[in-house]
Amino acid sequence: MVPRDHDGREGRDIGLGELRRGVLVLAVLSRLRDRQYGYSLRQALAEGGMPIEEGTLYPLLRRLETQGLLLSEWDTATSPPRRYYRLSRDGERAYGELAEAWRAQSAVIQGFLDAETNR
Amino acid sequence: MMTADQVIESYVRDVAHYLPRAKRDDLAFELRELLRDEMAAKATAAGRAADRDMALELLARFGRPAEAASRYHPRAPLIDPADNHNFLIWVAAGAVVLSAGRPSDGIVPLQWVGVVFVWFAIAAWVRRRRPAGQLHWRPRPQRLPEVASQPATLLAGVATLVFPFAMYLAPQEWWEAASLGRSVGSGLVLTEEFRHSWQRALTLVALGMLAAPYFVATAMRGWRTWSRHNLVFAHLFVGVMFALHAAPMRTLFGRETFGIFELRVANQVAMPIFGLVGGVMMLAALYGGYKEWARVTPAPALRGAVPG
């Protein structure tokens, strides 16, 4: 990752993008213990401080469903009908593992940051 | 003027067009509803009714329909992006070779692009199906020009002197010696004009330059950067000179044409051969130049104590 502009903004933007992409799945899984449809999930994530582009989130839901981490169903009782997503059993397990990995990774990074601050 | 709903419908239809038939309607239905939700929220935030421009602004964030569809249903690229570099090199090198061979026919290089494309597409498909199969990477020993076999470079130098240099210098005598006296009459006797031409003098210099780097490599027990570059230049020099031989020879000032051989038919036979050899030599120079350009400096441990 080599920033091309003089102030390194492009490099920083790419870095932030990579960082957000890395935790995207975890963030989505964390909000799907209760069923949500695409737009309501996006709102929930944005309200929680993690706005995600619609063009990224909606296909991601489908991919996670294909991978067996989410279940989905059409609710035709609502108007208009909505496709609701929630964690599957595998999704619950994956979420637990990812959350644990995130905490461990976060502790490692925090250690690096603390060491850098104390230098 | 289209309404916001019509713009969304058009977009959904185009996205669905790129999706597998089994997923098409289901995904289109969901995408349509999601876009309408987004549109309604946008209109509420703007404090006005949704319109065409608002819809276009929303859809711009999704990207082209093909891009949006590829996020829903990613498809493997026909050519592995990691192979782009090699693909372009093969296409360019092949197109140059084929254009040199048949300069009037532009179709052949295009067919070549197709052949290379199909080959790379098959390779990408095979690698995806069998990542550890025949096409996966394997280590290869590094060829180190810094350390060259002395007999091999000496043989190459002598061979260059015997074959192109001596043959060019005195073709009639060379052929008589090579055929052990069963010569072809006087068919390869050079014209007086050619004997004293600048083209012949320069070509002899070029052929000498072609042989010299091999003797240098023999003496130094290997190739140096400058000697490799000299060899590339010598190939190019010889190639250009031989290509000039494919056209009627002309005097330097008077511009009168003259033949290379006394025998008219010998000129007719030889001129295309000179052109072909010139083309091959120029391609060899191109390949040598590419190899130098693409060369990776070997690790000092492999290179030994020989300076680069």
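This tour moves through a predicted model of two chains, A and B, one selection at a time.

**Stop 1: chain A**

Select chain A. Look for 4 helices and 3 strands. Start at the N terminus and follow the order of elements: α-β-α-α-β-β-α. Of the 119 residues here, 35% are buried. Chain A exposes about 7700 Å², and 51% of that comes from carbon and sulfur atoms. Now think about contacts between residues at least 6 apart in sequence. In chain A, 43% of them join residues at least 24 apart.

**Stop 2: chain B**

Switch to chain B. This chain has 13 helices and 2 strands. It has 308 residues, and 33% of them count as buried. About 18800 Å² of chain B is exposed, with carbon and sulfur atoms supplying 66%. Take its contacts with a separation of 6 or more. Residues 24 or more positions apart account for 69% of those.

**Stop 3: the cores**

Show the nonpolar side chains. The largest nonpolar core has 49 residues. Select the ones with the most contacts inside it: A:Val28, A:Leu32, A:Leu57, A:Tyr58, A:Leu61, A:Leu70 and B:Leu35. Another core, of 25 residues, lies apart from that one. To find the second core, select B:Ala148, B:Tyr168, B:Met241 and B:Ala270, which are among its members.

**Stop 4: A:Tyr58 and its partner**

Zoom in on A:Tyr58. Which residues does A:Tyr58 touch, leaving out those up to four places away in sequence? In chain A they are A:Gly38, A:Tyr39 and A:Arg42. In chain B they are B:Leu34, B:Glu38, B:Phe62 and B:Tyr72.

Now look at rings. Over all chains there are 13 aromatic pairs. One of them joins A:Tyr58 and B:Phe62. Their centres are 6.5 Å apart and their planes meet at 35°, a tilted pair. This pair crosses between chains. A:Tyr58 sits in helix α3 (residues 54-66) of chain A. B:Phe62 sits in the loop between α3 (52-60) and α4 (65-72) of chain B.

Is A:Tyr58 buried or exposed? Its relative accessibility is 1%, so A:Tyr58 counts as buried. B:Phe62 is buried too, at 2%.

**Stop 5: an edge-to-face pair**

Select B:Phe87 and B:Phe117. The ring centres are 6.3 Å apart and the planes stand at 80°, so this pair is edge-to-face. B:Phe87 belongs to helix α5 (residues 84-101) of chain B, and B:Phe117 to helix α6 (residues 107-129) of chain B. The pair therefore ties together parts that are 30 residues apart in sequence. B:Phe87 is buried, with a relative accessible area of 13%. B:Phe117 is partly exposed, at 33%.

**Stop 6: more rings**

Select B:Tyr168, B:Phe194, B:Phe242 and B:Phe274. These residues form one aromatic cluster. Then go to chain A and select A:Arg35 with A:Tyr84. A:Arg35 lies over the face of A:Tyr84, at 3.8 Å from the ring centre.

**Stop 7: helix α4 of chain B**

Select B:Pro65, B:Ala68, B:Ala69 and B:Tyr72. They are the buried residues of α4(B). Why are they on the same side of α4(B)? They cover an arc of only 100° around the axis, which puts them there. The general rule helps here. An α-helix has 3.6 residues a turn, so residues three or four places apart point the same way.

What covers these buried residues of α4(B)? The cover includes α3 of chain A, along with α1 (4-17) and α2 (21-46) of chain B.

**Stop 8: B:Glu33 and a cis bond**

Select B:Glu33, in helix α2 of chain B. At 9% relative accessibility, B:Glu33 counts as buried. Leaving aside neighbours within four places in sequence, B:Glu33 is in contact with A:Pro80 and A:Pro81.

Move across to A:Pro80. It lies in the loop between β2 (70-75) and β3 (82-87) of chain A. Check the peptide bond from A:Ser79 to A:Pro80: it is cis, with omega near 0°. Most peptide bonds are trans.

**Stop 9: B:Arg221**

Finish at B:Arg221. It lies in the loop between α10 (198-220) and α11 (225-245) of chain B. B:Arg221 is not a glycine, but its phi is positive, about 60°. Most residues other than glycine have a negative phi. Is B:Arg221 buried or exposed? At 56% relative accessibility, B:Arg221 counts as exposed.

Definitions and conventions: Residues are numbered from 1 along each chain as its sequence is written. Chains are lettered from A and ligands numbered from 1 in the order in which they are written. This is a predicted model: local features need pLDDT of at least 70, side-chain atom pairs count only at pLDDT 80 or more; totals for chains, interfaces and linings use all residues. Side-chain values use heavy atoms; hydrogens and water are left out. A nonpolar core is a set of buried Ala, Val, Leu, Ile, Met, Phe, Trp, Tyr and Cys residues joined through side-chain atoms within 4.5 Å. Buried means under 20% relative accessible area, exposed over 50%, partly exposed in between (1.4 Å probe, protein chains only). Contact means heavy atoms within 4.5 Å. Rings of Phe, Tyr and Trp (its six-membered ring) pair if their centres lie within 6.5 Å; planes under 30 degrees apart count as stacked, over 60 as edge-to-face and the rest as tilted. A charge sits over a ring if NZ of Lys or CZ of Arg is within 6 Å of the ring centre and within 35 degrees of the ring normal. Accessible areas come from the Shrake-Rupley method with a 1.4 Å probe; for residues, only the protein chains shown count as cover. The arc is that of the directions from the helix axis to the C-beta atoms.
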